Amino acid sequence: MPNLTDSDLSEVGVMFPDLNCSIAKQRIWGTLQFQCSYSSVLKLLSFSSEYDHFIEDDYEVEIDFTNQDLNSVPIVFERSQIVRLFAESNCIQLPDMHIYEDDSCCLGVFPEYQWQSAVHFIQHKVIPFFYWQSYRRLFGLEPWESFSHGRLGIAEAQIDFWKNKKESLKGRNRNQPCFCGSGKKSKQCCGKMNR
């Protein structure tokens with residue numbers, strides 16, 4: 001499980017000055033501000049206004065490094081309750097917004113993700129999640145397709161992962177532990193289901 005380091009402390013302070021970072025508490029919290037645009041043609045999120053659908057927004061967040069999700073990354077909470085209030089006012093089930101009852105966020109299923117730093121995690125997983133939320137709130141639809149919430153989403157992601165990695169199933173990758181966490185080799189688990 002990743003832990004906050006001195007390097008994270010200084011990088012977060014520079015990149016996200018409205019976020020607090022505590023190594024002792026193993027938490028990041030405060031206001032997460034972002035400015036992003038999305039190209040639906042390139043399927044690319046940019047930290048600038050170069051593409052359509054530029055959004056400048058902020059959320060109160062907490063990132064708890066003492067707990068981890070299925071992807072072995074810290075749990076992220078949306079403390080401002082912007083998503084919850086939007087869901088309630090539009091009669092949308094909270095799980096359909098990828099938020100749990102305790103306001104923790106389901107950032108997605110990403111077995112390929114390799115931890116690099118807290119800033120990298122915020123830029124590559126946390127901000128895209130909140131951009132998706134803002135886009136949904138402002139434009140009434142999803143900027144990109146998402147998997148279902150919970151176990152169904154995990155199954156969908158596994159099918160998609162194996163479909164996209166069909167060629168890599170040959171040879172040694174089939175003998176690697178399955179990313180679903182079963183402890184079985186991929187060829188005897190999700191790889192078997194998706195051949």
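This passage walks through the fold, a helix pair, the main nonpolar core and two unusual loop residues of a predicted model.

Residues are numbered from 1 along each chain as its sequence is written, and side-chain values use heavy atoms, with hydrogens and water left out. Because the model is predicted, local features need pLDDT of at least 70 and side-chain atom pairs count only at pLDDT 80 or more, while totals for chains, interfaces and linings use all residues.

The chain has five helices and five strands, where helices (H or I, at least four residues) and strands (E, at least two) are DSSP runs numbered from the N terminus. Along the sequence they follow the pattern α-β-β-β-β-β-α-α-α-α. Of the 195 residues, 43% are buried, a term for under 20% relative accessible area with a 1.4 Å probe and protein chains only. Among contacts (heavy atoms within 4.5 Å) with a separation of 6 or more, 49% are between residues 24 or more positions apart.

Helix H1 (residues 6-15) meets helix H3 (residues 118-139), their axes coming within 8 Å and crossing at roughly 45°. Axes here are lines fitted to C-alpha atoms, for helices over the stretch in contact, with angles from 0 to 180 degrees between N-to-C directions. H1 is therefore oblique to H3, the class left after angles under 35 degrees (roughly parallel), over 145 (roughly antiparallel) and 65 to 115 (roughly perpendicular). From H1, the contact draws on Asp 8, Glu 11, Val 12 and Met 15, and from H3 on Ala 118, Val 119 and Gln 123.

H3 also features in the largest nonpolar core, to which it gives the most, with eleven residues. Such a core is a set of buried Ala, Val, Leu, Ile, Met, Phe, Trp, Tyr and Cys residues joined through side-chain atoms within 4.5 Å. This one holds 40 residues, of which Ile 28, Leu 32, Ile 122, Val 126 and Phe 130 touch the most other members. Strands S1 (19-22), S2 (27-39) and S4 (55-68), helix H2 (82-89) and H3 each supply at least two residues. Beyond its neighbours within four places in sequence, Ile 28 is in contact with residues including Val 12, Ala 118 and Ile 122.

Lastly, the loop between H2 and H3 is home to His 98 and Asp 103. Most residues other than glycine have a negative phi. His 98, however, has a positive phi of about 65°, and phi of Asp 103 is near 70°. His 98 counts as buried at 9% relative accessibility, and Asp 103 is buried with a relative accessible area of 8%.

Methods: Buried < 20%, exposed > 50% of the residue type's maximum accessible area, 1.4 Å probe, protein only.
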